[in-house]
Amino acid sequence: MEAALLHRFARARFRASPCLCSAKTLSRSLPHLALLQSRLISSSPSSTPSNSPAHHTTLSAITSAISATTKQRPLIALGIETSCDDTCAAIVTSERQILSEVLRTQHHLHEPMGGIVPKLAHHAHMRNLPEVVKEAIQKAGLGERGIQEIDVIAVTRGPGLAHCLGVGLNAAKTLAAALNKPLIGVHHMEAHALTARLTTKDPDSPGKLLGADPYPSFPFLTLLVSGGHTLLLVAHSVDRYTTLATTVDDSVGEAFDKTARELDIPWLPGRAGGPGASLEEFAKGSQTPLRYLDQLPIPMSLRTNKRKMKFSFAGLKSAVTRIVNQEKASDPGGVMDEKKKRDLAAGFQHCALTHLCQKVEQGLVDCREQGVQISSLVISGGVGRNMILRAMMDEVCQRFEYELSNPLKHSAVLTTSAGPGLGPSAVGMEAVTSSGVTETARARRPVQVICPPPKLCTDNAVMIAWTGLERYQRGLVDCYDIDIAPKWPLDMLGTGVVPE
Ligand code: KG4
Ligand code: ZN
């Protein structure tokens with residue numbers, strides 16, 4: 001791992017809100033939160049570190065104010081997402097109910113242009129957002145106070161297309177100000193990372209969706225693999241992330257799409273999952289999947305690059321093109337036969353997914369070396385639908401364990417002095433009760449692989465509303481004059497600095 005990364009792991013973080021608006025502005029617009037906010041602002045990073053008594057007073061004041069509200073009823077958030085090409089709004093509760101979800105896609109506008117056109121997306125958001133928000137509110141079946149039942153307005157502040165972000169942010173600010181509600185500007189990538197905490201059942205309370213705390217517990221790894229992102233990060237807590245690896249060229253989704261096009265793979269009925277899903281299906285028919293393996297590189301896997309935390313797919317993509325051209329050139333009719341195409345699809349898929357797995361494994365090793373106990377790997381984004389990827393990641397994660405923080409609550413496998421994996425539940429509990437502290441302290445479980453439902457892995461407003469609630473419950477509220485942040489590295493969250 002690079003020195004800068006190690007430094008970031010070790011760096012002390014502050015949990016104060018990045019919002020720098022004056023308490024006066026806030027008290028005009030939001031009386032019930034003004035006091036809390038002014039305390040937050042006064043505990044700025046430079047003056048009040050996160051472990052100081054003043055900081056704890058601040059957080060506990062916020063927490064008790066919020067828990068007073070949640071004792072009466074769950075909190076409700078409206079989420080708005082307009083960072084790219086879908087216009088979305090959703091209403092979600094702190095008890096993890098999705099009350100409504102509305103999405104207007106713009107695929108029909110961008111597909112004929114061969115990619116997303118920011119100006120078209122901007123205008124479509126302006127046309128669609130009012131109706132989308134209206135529909136989300138109507139469908140939510142809010143109580144008799146209607147829209148006033150909403151406690152929090154959450155909106156994607158960045159990263160994304162500047163003009164598109166502006167449409168959502170202005171709408172959210174206006175709603176928040178008019179309704180006198182707190183505003184939460186959400187980092188789009190934090191929302192992707194936290195989605196799993198909305199949708200995952202706690203394995204220790206299998207009958208219930210909601211354990212005492214949302215699951216997975218921090219810290220966990222998130223692998224975000226889609227048409228736009230190839231990103232591996234550590235989620236340490238709400239507002240605190242470390243990026244471990246990102247792509248230096250194409251995203252993995254793009255690599256699947258370009259290869260599917262190169263091989264002329266037919267789309268699946270209904271076009272579900274796009275070219276990547278067609279490629280996965282097509283490759284299942286391969287009879288000689290090893291045929292091209294010695295001509296296809298597994299990116300960044302040579303000894304010198306092995307520990308480098310970077311993704312790269314351009315070289316693999318070029319190798320596919322080279323093989324296709326060779327096969328066509330050697331065929332009298334100038335075509336590549338279908339059997340060979342299936343073998344090449346299988347070979348490409350194997351190399352691309354192995355590359356992802358190797359870097360996740362390296363990430364887990366790095367975390368272990370740094371004493372960061374990873375509980376789960378959350379796979380998100382369209383490529384996360386790939387069943388082979390899930391199976392391969394399962395295999396990787398089985399090789400890593402983490403120590404349970406509360407063994408009495410868990411019915412997990414215990415590691416005893418006789419060796420690992422001596423059986424779950426009954427054995428585990430017996431060892432816990434008979435052997436006391438020493439044994440319980442050693443309860444371990446393999447790192448879990450978690451895949452949120454596909455619909456919530458792609459861009460949506462449910463994740464924005466949920467992240468709004470997670471942040472609000474920690475007192476991370478923004479003021480009404482925040483700006484968009486089109487380029488906003490996730491690692492900057494929680495530092496108090498938001499790039500323009
Ligand atoms: O997150 P997503 O739905 O949307 C955007 O990134 O906008 O991701 C779409 C990407 C596409 O590249 C698609 O080909 C890929 O996810 N994809 C898959 C599979 N299903 C979708 N790639 C590999 N295997 C799949 N089963
Ligand atoms: Zn996204």
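This briefing covers the overall make-up of the protein, its unusual backbone geometry and the setting of helix 7. The model is predicted. The protein has 500 residues, of which 52% are buried, and its secondary structure consists of 16 helices and 12 strands.

**Overall make-up**

- Of the contacts between residues at least 6 apart in sequence, 73% join residues at least 24 apart.
- The protein has an accessible surface of about 21,800 Å², and carbon and sulfur atoms account for 55% of that surface.

**Cis peptide bonds**

- Gly 158 and Pro 159 are joined by a cis peptide bond, with omega at about -15 degrees.
- Pro 159 sits in the loop that runs between strand 4 (152–158) and helix 7 (162–179).
- A cis peptide bond also leads from Phe 218 to Pro 219, where omega is near -5 degrees.
- Pro 219 belongs to the loop between helix 8 (188–199) and strand 6 (220–225).

**Positive phi angles**

- Arg 96 is not a glycine, yet its phi is positive, at about 70 degrees.
- The loop between strand 2 (86–93) and strand 3 (98–105) holds Arg 96.
- The relative accessibility of Arg 96 is 5%, so with the cut-off for burial at under 20% this residue counts as buried.
- Asp 239, also not a glycine, has a positive phi of about 80 degrees.
- Asp 239 is located in the loop between strand 7 (230–237) and strand 8 (240–246).
- With a relative accessible area of 1%, Asp 239 is buried.
- Asn 180 has a positive phi of about 60 degrees and comes just after helix 7.

**Helix 7**

- Helix 7 has 18 residues, which at 1.5 Å a residue should span 26 Å. The C-alpha atoms at its ends are 26 Å apart, in agreement with that expected span.
- The buried residues of helix 7 include an unbroken run of Cys 164, Leu 165, Gly 166, Val 167, Gly 168 and Leu 169.
- Further along helix 7, the buried residues are Ala 172, Lys 173, Ala 176 and Leu 179.
- In an α-helix there are 3.6 residues a turn, so residues three or four places apart point the same way.
- Among the elements that cover the buried residues of helix 7 are strand 1 (76–81) and helix 6 (118–139). Strand 4 and strand 5 (183–187) also contribute to this cover.

How values were computed: Residues numbered from 1 in each chain as written. Chains lettered and ligands numbered in written order. Predicted model: local features only at pLDDT ≥ 70, side-chain atom pairs only at ≥ 80, totals over all residues. Heavy atoms only, no water. Helix = DSSP H or I, 4+ residues; strand = E, 2+ residues; numbered from the N terminus. Buried < 20%, exposed > 50% of the residue type's maximum accessible area, 1.4 Å probe, protein only. Contact = heavy atoms within 4.5 Å. Areas by Shrake-Rupley, 256 points an atom, 1.4 Å probe, with all protein chains shown as cover. Expected span 1.5 Å × (residues − 1).
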